[in-house]
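Work through the exercises below with the sequence and the structure at hand. Each task is followed by a solution in steps.

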Amino acid sequence: MDDETPQPSIDLQALFDFAKERTQPEEYTFQDPEGVAPDVVAIVGFNSGGGVEVLPVDFKREAYRKAPLRRKGTIETHTLGSFVNVVNRDKRPDSVIFADVPAMKLTAILDFHGAADSAPRFGEDRVVYGFQISKQLKAWMSAASSLMDQKTFSRLIDDRIGDVGEGPYEEKSIAHEFARRRGIAFASIADLLVFTRTIAAKSSTASTEQIDETTGDVSIQFSKRGDVQTPDGKPVLVPFAFVLTIPVLSGLGATEFNIPVRLRYDIGEKGITWRIELHALDKFTQAAVDESVKTIAKPAPDGCGLPVFMGSPP
């Protein structure tokens, strides 16, 4: 740069004074025109990006208070019993509970709005419980989502035989109607064990399906040389269905339901594949959640004794 080029004259002090004047925070008092809310003192200044920023003084003082002005936050409980205990500890006259069945969740809003003529509230003090599917049902749902070879299927039944029910089942129940409409009898525990342990010892190839034209019973004939036979030398009879007697939801004292399980198989070039279908699982889930909702609606200490609304919370 040419030393003879004239340089602009800069008054640094004037520049600093201008910046200070433009960025100096100022305090303002905002009043509610209706006179309902208290006056709000706020600081107006510029943030690092050059934009205007308005901060209520209470926001700055919040950390120095001995206690907050109001309660807010969400407590997530892990059992239904904990949900009931926390709600009973902190509930107020206008507290309510929302039961969102599709989301499998309970939400207690402790500072909910009052009746139509009452003052509204913030609705930010909440207790939540998410329903959990039982470990037993999770295992069977996992099995129902895939095809199984003979060994895998046999191992499933053998490992989880404790989940199988024996009946009899209450008249007009889902299990009773399932069997009545199809004209079948559910396989017993003994029937399932004999069946699965027999097929586990057999090859999955060289097998054929046989149907008794008189009774409609379906059986599988294993014809590969070296396959063991049933004790009476007959084809292996395939159970049509069996029943699980297990809780749908997790938790101590959860009600057990009788869930019919349809057994299906396919014979292909590579052998037999097995699959199970859990009948009317949505109805059993709904029934389990409805039962829990009835429990929390009971008076304390067994329940919360609050209004329960079926739906999503606001």
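## Exercise 1: a pair within one helix

R180 has a relative accessibility of 48% and counts as partly exposed. The model is a predicted one.

Task: Find which side chain meets R180 in a salt bridge, and state whether that partner is buried or exposed.

Solution.
1. The partner is E177, and the N to O distance is 2.7 Å.
2. Both residues belong to helix α6 (residues 174-182); they are 3 residues apart, so about one helical turn separates E177 and R180.
3. The cut-off for buried is under 20% relative accessible area. E177 has 12% and is therefore buried.
4. Elsewhere, salt bridges with shared partners join R71, R89, D90, R92 and D125 into one network.

## Exercise 2: pairs between separate elements

Task: Locate the residues of the salt bridges E124 to R70 and D158 to R197, and give the exposure of each residue.

Solution.
1. The side chains of E124 and R70 meet at 2.7 Å, N to O.
2. This pair links distant parts of the chain, 54 residues apart: E124 is in the loop between β6 (105-109) and β7 (125-130), and R70 is in the loop between α2 (57-61) and β4 (73-77).
3. E124 is partly exposed at 35% relative accessible area, and R70 is partly exposed at 33%.
4. The side chains of D158 and R197 meet at 2.9 Å, N to O.
5. D158 is in helix α5 (residues 150-159) and R197 is in helix α7 (residues 189-200), so this salt bridge ties together parts that are 39 residues apart in sequence.
6. D158 is partly exposed, at 34%, whereas R197 is exposed, at 52%.
7. The count of salt bridges comes to 12.

## Exercise 3: a pocket and a patch

Task: State which element gives the most to the lining of the second largest pocket, and which residues make a nonpolar surface patch of about 270 Å².

Solution.
1. The second largest pocket has about 370 Å³ of space.
2. Its lining has 18 residues, with L80, S250, L252, G253 and A254 nearest the centre.
3. The elements that give two or more residues to this lining are α3 (80-90) and α8 (281-297). The most comes from α8, with 4 residues.
4. The nonpolar patch is made by F46, V52 and V54.
5. V54 lies in strand β3 (residues 52-56). Patch residues need over 30% relative accessible area; V54 is partly exposed, with 46%.

Key:
Residues numbered from 1 in each chain as written. Predicted model: local features only at pLDDT ≥ 70, side-chain atom pairs only at ≥ 80, totals over all residues. Heavy atoms only, no water. Patch = residues over 30% accessible without salt bridge, like charges linked within 9 Å, V, L, I, M, F, W, Y side chains within 5 Å. Areas by Shrake-Rupley, 256 points an atom, 1.4 Å probe, with all protein chains shown as cover. Salt bridge = Lys/Arg side-chain N within 4 Å of Asp/Glu carboxyl O. Buried < 20%, exposed > 50% of the residue type's maximum accessible area, 1.4 Å probe, protein only. 1 Å grid on protein atoms, 1.4 Å probe; cavity = no way out; pocket = protein on both sides within 12 Å on 5 of 7 lines; lining within 4 Å. Points joined across faces, edges and corners; volume = space filled by probe spheres on them.
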